[in-house]
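Here is a short set of exercises to work through with the coordinates open. Try each task yourself before reading the solution.

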Amino acid sequence: MYENTFPNKRFKHTVEFLKKHVAASQSILDLGVENPLSDILKSQGYTVQNTSGIDLDLNTSEIEKSEADVVTAFEIFEHLLSPFTVLQSIKADKLVASIPMRLWFSSAYRSKTDMRDRHYHEFEDWQFDWLLEKAGWKIIATEKWTNPTKKVGIRPILRWFTPRYYIVYAERVSNFKS
């Protein structure tokens, strides 16, 4: 089902991590529109509902109304101006979130054609941990993995051993929303 190619390698790591921490019987609200990864999760027995594509920086109502047991956010927080607000609006007690990590040898991703496909943030692992903790989450488990390419050059070589993706399983400690 998965090859060792982008995005399949990322999907494989994400699904394996999720299976370690979330039972298929738990319902999931996946932040972002339906996508190939949410389809893979459904094929693995998970009940997944995605947000509709609303701008989560401006409207967190779908998150606030959700009765899901777990919220997942796979490569979404880097696209938000205020991920802190979104993290606080989550009612579920469990969160699985992944981010592309900031790479010291590469500038932040910015699509030249799609204004929505830009990274406002590319976190280092400690920055993402701090954000989660400040928003009331306790980190239970983390993993990192690389994203090698078959291109030639210094940056492709660095991608063979520099982690690109970071995933976190966290549980709610406190909810600041009243």
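## Warm-up: salt bridges and ground rules

A search of the whole structure finds six salt bridges, a salt bridge being a side-chain nitrogen of Lys or Arg within 4 Å of a carboxyl oxygen of Asp or Glu. Keep in mind that this is a predicted model, where local features need pLDDT of at least 70, side-chain atom pairs count only at pLDDT 80 or more, and totals for chains, interfaces and linings use all residues. Residues are numbered from 1 along each chain as its sequence is written, and side-chain values use heavy atoms, with hydrogens and water left out.

## Exercise 1: the overall layout

Task: work out how many helices and strands the protein chain has, and in what pattern they follow along the sequence.

Solution. Start with the DSSP runs: helices are H or I runs of at least four residues, strands are E runs of at least two, and both are numbered from the N terminus. That gives six helices and six strands. Next, read along the sequence, and you get α-β-α-β-α-β-α-β-α-β-α-β. Then turn to burial, where buried means under 20% relative accessible area, exposed means over 50%, and partly exposed is in between (1.4 Å probe, protein chains only). Of the 178 residues in the protein chain, 46% count as buried. Finally, take contacts, meaning heavy atoms within 4.5 Å. Among those with a separation of 6 or more, 66% join residues 24 or more positions apart.

## Exercise 2: two helices that pack

Task: describe how α1 and α2 pack, and say which residues make the contact.

Solution. First, the geometry: α1 covers residues 8-21 and α2 covers residues 36-43, and they pack at about 45 degrees with their axes 11 Å apart. The axes are lines fitted to C-alpha atoms, for helices over the stretch in contact, and angles run from 0 to 180 degrees between N-to-C directions. That angle makes α1 oblique to α2, because under 35 degrees counts as roughly parallel, over 145 as roughly antiparallel, 65 to 115 as roughly perpendicular, and the rest as oblique.

Second, the contact itself. On the α1 side you'll find Phe11, Thr14, Val15 and Leu18, and on the α2 side Pro36, Leu37, Ile40 and Leu41. Sorted by class, that's seven nonpolar residues, one polar and no charged ones. Here Ala, Val, Leu, Ile, Met, Phe, Trp, Tyr, Cys and Pro count as nonpolar, Asp, Glu, Lys and Arg as charged, and the others, Gly among them, as polar.

## Exercise 3: three of the ion pairs

Task: for Lys12–Glu16, Glu34–Lys42 and Lys144–Asp125, find the N and O distances and look at where the residues sit.

Solution. The background is simple: side chains of opposite charge can pair when their charged atoms come close.

1. Lys12 and Glu16 meet at 3.0 Å, N to O. Being four residues apart in helix α1, they're separated by about one helical turn. Lys12 is partly exposed at 36%, and Glu16 is partly exposed at 37%.
2. Glu34 and Lys42 have their closest N and O atoms 3.3 Å apart. Both ends are partly exposed, Glu34 at 49% and Lys42 at 32%.
3. Lys144 and Asp125 have their closest N and O atoms 2.5 Å apart. Lys144 lies in strand β5 (residues 137-145) and Asp125 in helix α5 (residues 125-134), so the pair ties together parts that are 19 residues apart in sequence. Lys144 is partly exposed at 40%.

## Exercise 4: a few single residues

Task: place Glu75, Pro100, Thr162 and Ala24 in the fold, and decide whether each is buried or partly exposed.

Solution. Go one at a time.

- Glu75 lies in the loop between β3 (70-74) and α4 (83-89). Glu75 is buried at 13%, and has a positive phi of about 50 degrees although it isn't a glycine.
- Pro100 is in strand β4 (residues 94-100) and is buried at 3%. Pro100 and Pro163 are 63 residues apart in sequence, with 8.9 Å between their C-alpha atoms.
- Thr162 sits in the loop between α6 (154-158) and β6 (165-172), and is buried at 13%.
- Ala24 is in the loop between α1 and β1 (27-30) and is partly exposed at 35%. Leaving out residues up to four places away in sequence, Ala24 touches Gly45, Tyr46 and Thr47.
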